[in-house]
Amino acid sequence: PFMASSSSTVNYRIRVYQDSDYQSVRDLYVSGVRQHFSRVCCYVLKQPVIQASVVVSLCLLLVLSRSLLLSLCMLALLLVLGRLFLKSLWNLLINQNLRSDLLDIGASYSKQPGARFWVAQWDDAVIGTVGAAPSDNSSTDLELKRLNVHQEYRGRGIAKDLCHTVHEFARLSGFTGIVLGTSVIQTEAQQLYRKLGYRLVGTTLVPHAFAKLINYTIYKYRYQLTTSPLLWQTEE
């Protein structure tokens, strides 16, 4: 296992995922994504189409009710309902991912050629995760996935060490590049990837009607490696 020690006296180690980590990994993913919800709300409210909708709604309410106080109360109610709608979409995203690669982590990573999943452990607690699997778009690229660090342990270099673990695995496995996707609201993650040498190679909108309406974008990054042809593939 890859060993690491932070500058803030928290000793941790990065090791390969074990079946006993299953619930801890899923719980860490859920808590990490839910922490982004308030940021999503702020992002949505800053979008011109949403701001225009709020102004138009207030004007209509004023015309219909002829009362500023009543209109503001009704507008506040609409905003609360909008937040509940947004939260339902966010929970839907969480559940979809829990039913994808995180449903059977062993089968998704440990048993798949060219794939691996790691956890960062401090004492008996899982405080970070990262996964890697061959990219669906290129046989020479490895995709970095599920990078997450517990909120209390961020800013200690754990995420960087998890990325370096993936880099080393990619080199040993013969991949020539590492790709990943991160959302528009994850500014700290984007800064980390750029510092590590990743380059922005494209953007795409989340394939959902509301996501397209608010321009919710996924940024695609790539890290270039210098390696030999894939070692994990069986030679013919």
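Glu-188 is partly exposed, with a relative accessible area of 44% (buried means under 20%, exposed over 50% and partly exposed in between, using a 1.4 Å probe and protein chains only). The model is predicted, so local features need pLDDT of at least 70 and side-chain atom pairs count only at pLDDT 80 or more, while totals for chains, interfaces and linings use all residues. Residues are numbered from 1 along each chain as its sequence is written, and side-chain values use heavy atoms, with hydrogens and water left out.

Glu-188 meets Arg-39 in a salt bridge, at 2.7 Å from N to O; the term stands for a side-chain nitrogen of Lys or Arg within 4 Å of a carboxyl oxygen of Asp or Glu. Because Arg-39 lies in helix α2 (residues 37–45) and Glu-188 in helix α7 (residues 187–195), the pair ties together parts that are 149 residues apart in sequence. Helices (H or I, at least four residues) and strands (E, at least two) are DSSP runs, numbered from the N terminus. Arg-39 is also partly exposed, at 32% relative accessible area.

The structure holds four salt bridges, and two others can be followed here. Arg-146 and Asp-101 pair through their side chains at 2.7 Å, N to O. Arg-146 belongs to strand β5 (residues 141–149) and Asp-101 to the loop between α4 and α5 (105–110), so this bridge ties together parts 45 residues apart in sequence. Asp-101 is buried, with a relative accessible area of 9%. Asp-141 forms a salt bridge with Arg-222, their closest N and O atoms being 2.8 Å apart. This pair links distant parts of the chain, with Asp-141 in strand β5 and Arg-222 in strand β8 (residues 217–224), 81 residues apart. Asp-141 counts as buried at 7% relative accessibility, whereas Arg-222, at 22%, counts as partly exposed.

Turning to the interior, the largest nonpolar core has 30 residues, of which Val-44, Trp-90 and Tyr-216 touch the most other members. Such a core is a set of buried Ala, Val, Leu, Ile, Met, Phe, Trp, Tyr and Cys residues joined through side-chain atoms within 4.5 Å. Elements giving two or more residues to this core include α1 (22–34), β3 (116–122), β4 (125–134) and α8 (209–213). Leaving aside residues up to four places away in sequence, Trp-90 touches residues including Val-33, Phe-37, Ile-185 and Tyr-216 (contact means heavy atoms within 4.5 Å). Apart from the largest core lies another, of 29 residues, among them Ala-132, Ala-170, Tyr-193 and Tyr-221.
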